[in-house]
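Work through the exercises below with the structure in view. Try each task before you read its solution.

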Amino acid sequence: HVTTESIMKLSEDKVRRVGIVYDSRMLAHEDPRGKSPERPQRIECIYNRLKEKGITNEVIPLEFTESDRSEVDAVHKASMWDRVE
């Protein structure tokens with residue numbers, strides 16, 4: 001999840017009001033069932049395109065921490081955590 005400090009950066013920066021969350025660990029995100037549109041190639045393609053266009057220089061990089069089970073359970077079925085763990 002995005003850290004509180006990162007959210008504060010967005011509210012304090014009067015020029016850049018858009019943030020981006022990216023980490024190479026996102027490339028490990030893959031749905032073994034193939035039902036989710038999120039896959040490493042898609043994430044990499046989107047981020048590379050943003051870099052090519054210079055957009056990553058125009059936004060605030062947001063820091064994040066790994067989510068815990070309660071955060072995952074808040075937006076996914078409880079079985080999601082068990083499948084990933």
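**Exercise 1.** Place threonine 56 in the chain, and decide whether the residue is buried or exposed.

*Solution.* Start with the location. Threonine 56 sits in the loop between α2 (40-52) and β2; helices (H or I, at least four residues) and strands (E, at least two) are DSSP runs, numbered from the N terminus. The model is predicted: local features need pLDDT of at least 70, side-chain atom pairs count only at pLDDT 80 or more, and totals for chains, interfaces and linings use all residues. Residues are numbered from 1 along each chain as its sequence is written, and side-chain values use heavy atoms, with hydrogens and water left out.

Next, take the accessible area. Threonine 56 has a relative accessible area of 19%, so the residue is buried (under 20%; exposed is over 50%, partly exposed in between; 1.4 Å probe, protein chains only).

Last, list the partners. Setting aside neighbours within four places in sequence, threonine 56 is in contact with Ile20, Tyr47, Leu50 and Lys51 (heavy atoms within 4.5 Å).

**Exercise 2.** Which class does phenylalanine 64 fall into by relative accessible area, and why?

*Solution.* First find the residue: phenylalanine 64 lies in the loop between β2 (60-61) and α3. Then read the value. The relative accessible area of phenylalanine 64 is 25%, so the residue is partly exposed.

**Exercise 3.** How far is the C-alpha atom of phenylalanine 64 from that of glutamate 5?

*Solution.* Begin with the sequence: phenylalanine 64 and glutamate 5 are 59 residues apart along the chain. Now turn to space: their C-alpha atoms are separated by 9.3 Å.
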